[in-house]
Every structure is written in C-alpha cells, then in structure tokens.
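Hi there,

As promised, I am handing over the structure we talked about. Please have it open while you read, as my notes follow straight after.

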Amino acid sequence: MLKALIFDVDGTLADTERDGHRVAFNRAFAEAGLPIVWDEALYGRLLVITGGKERLLHFFTHVRPDLRPAGDLNALIRHLHARKTDIYSDLLNSEGVPLRPGIRRLLGEARDRGLKLAIATTTTEKNLEPIWTALGPQARGWFHTVGAGDCVAAKKPAPDVYEYVLAGLGLAARDCLAFEDSENGLRAATGAGLSTIVTVTDYTRDQDFSAALLVVDHLGEPDLPLTRLTGTAFASRLLDVDALMALKLSAGGTSR
Ligand code: XBP
Ligand code: MG
C-alpha cells in the first residue's frame, strides 16, 4: 500500500550542486581571502563526501592539505560553512531554484491522492527555504516530515536520515517510495529498506544504481517524456501516482 513519497533534495527536487552549492562555496572562499576555487570537475569528485562541513574537512585534510590555513580548522570550517549557507540562500533567492522536471507535477498529484510527503536530505535545513518559496505559498506544509542536515549524526550513505523520516511518518518502509539522485543517497534509502527511484544528474549518471527499483533521466512531463535508463520496465512516459503504484506492485509491494 503506497502511503508516502520521500524526496532527497539536492539533485532530486532541484539541480542545485554545480551552479548553487559549488558557487556558494567558492564565494565563501573568496570572501575569506582563501586561494581556493572548486571547479566543476573537482566539485564532482568532492561530492562523494556528503555534507558541506564534512566535504570541507575532507578537502583540507585529504585533497589539498597544502591549502589548509594555520589555526583551528574546525572553527574555520564552521565559519566557511555558515557563510556558504547564507550565500547559497541569497543565490537561489536571486537566481531562482532549478526544480527538476516532474517534481511540481508529482507533488501536486500525490497530495491530491492523499499520499504523505517527506524530505530526507543531507543539506542544511536553511537551504530548503528557497525550495519552499519556489514550490509556492504554504509549500512547507505539504511535507509531513523533514529530515535535513545535522538532524542525524551519520549522514548519507548511512540510512539514518531515512530511518528518522520513516519514524516521523509513522510508516513502514514497505509503504513508501524514495527518490534520489546519487549512489550515496540510494545506499542510504535502500539501507533503510526503501524501494528507490533514481533521477540521475550530470554528476551522478555513471554511479552504481544497481540497487534502484528504477533509474530515469527525470520524472517526465506531458511535453517532456522521460527516458528509462535501467530497472523495472513500465509503459508510461512520465511517473505519476498510478505508475508509482504499479512499480511498487512489481517490486513485490502492495499497491493502494
Ligand atoms: C547533498 C549534500 C549536501 C549539499 C551541500 O544533499 O550532500 O551536503 O551538497 O549542502 P542531498 P550543505 O543530496 O542529500 O540533498 O553544505 O548544507 O551540506
Ligand atoms: Mg542528492
């Protein structure tokens, strides 16, 4: 019985990494007078580490320790990440939020059909405010439960944030579907027992999605058919609630 849809944020609800988070990190480095620029290729490699603070620590300790400034590294990371988060919000509020195809449509359909909605993301909760704004007034209220950032100690690929959200929903994993864009996210969702649909991004399309129920380029729109990359075959050219229920049934779940 499909009762809830659980969405990742970065790369899933919106394509935010290359032109959003990466740009915000670079502006925070520049503001701090640090000679650091994360270009698109380097950032793609750094994305293997989820969590901006964790990503900064990885960079200064394992990737470019030669660029590590003297002094308290943890204090520097806290400062850089706080500034990056403010810059990111300003950037998305001014440049707009690149919602992915089919997201607004599917959220509306799910609400109309009485499915619960939830968020399971590694990103800082403040970064969701531009997403709510882009989705529309009262959009935060569409989501029954939000798991974000430091609400769990172990970030993706650990399953903790999905387990936190399932507890908040009061539902079993078998009654839900997860939507992700990355291998880390897929591992987190499947680790919590969730059947997962992956919508790839330019950064993640070559990752291992063998554990996914279905891998597509995006959720599809009536005038923008999706392309199924791997996983369970289905007839529709877009993912709507009926298609999701049929997929859930094919995965051995029960449909509504
Ligand atoms: C993606 C992440 C986040 C963002 C940066 O989260 O790993 O760390 O890259 O956001 P998800 P922060 O795909 O789970 O939505 O700097 O706030 O961590
Ligand atoms: Mg993601």
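In which loop is Q138 found? It belongs to the loop between α6 (129-135) and β3. One caution before going further: this is a predicted model. I picked Q138 as a starting point for its backbone: its phi is positive, at about 70°, although Q138 is not a glycine. For context, most residues other than glycine have a negative phi, and most peptide bonds are trans.

The second backbone feature to look at is a cis peptide bond, which joins K156 and P157 with an omega of about 15°. You will find P157 in the loop between β3 (143-147) and α7 (160-169).

Now to the ligand. Where does ligand 1 sit? The model places ligand 1 in the largest pocket. Three elements each give two or more residues to the shell around ligand 1, namely α1 (17-31), α3 (52-63) and α4 (73-95). Of these, α1 supplies the largest share of the shell, with three residues. Both domains take part as well: domain 1 (4-15 + 98-250) and domain 2 (17-95) each contribute at least three residues to the shell around ligand 1.

What kinds of residues make up that shell? By class, ten are polar, six are charged and three are nonpolar. There are 19 residues around ligand 1, and those that come nearest are E17, G52, H81, T121 and T124.

If you would like particular atoms to zoom in on, here are three pairs, each involving an oxygen atom of ligand 1:

- D8: an N or O atom in the side chain is 2.8 Å from a ligand 1 oxygen.
- D10: here a backbone N or O atom lies 2.9 Å from an oxygen of ligand 1.
- N127: an N or O atom in the side chain is 3.0 Å from a ligand 1 oxygen.

How much of ligand 1 does the protein bury? Taken alone, ligand 1 exposes 450 Å², and the protein buries 96% of that.

Have a look at the pocket when you get a moment, and tell me what you make of it.

Best wishes

Technical notes:
Residues numbered from 1 in each chain as written. Chains lettered and ligands numbered in written order. Predicted model: local features only at pLDDT ≥ 70, side-chain atom pairs only at ≥ 80, totals over all residues. Heavy atoms only, no water. Near = heavy atom within 4 Å. Polar contact = N/O pair within 3.5 Å; in protein donor to acceptor, adjacent residues only side chain to side chain. Areas by Shrake-Rupley, 256 points an atom, 1.4 Å probe, with all protein chains shown as cover. 1 Å grid on protein atoms, 1.4 Å probe; cavity = no way out; pocket = protein on both sides within 12 Å on 5 of 7 lines; lining within 4 Å. Sits in = over half its atoms within 2 Å of the grid points. Helix = DSSP H or I, 4+ residues; strand = E, 2+ residues; numbered from the N terminus. Nonpolar A, V, L, I, M, F, W, Y, C, P; charged D, E, K, R; others polar. Domains from an automatic or database assignment.
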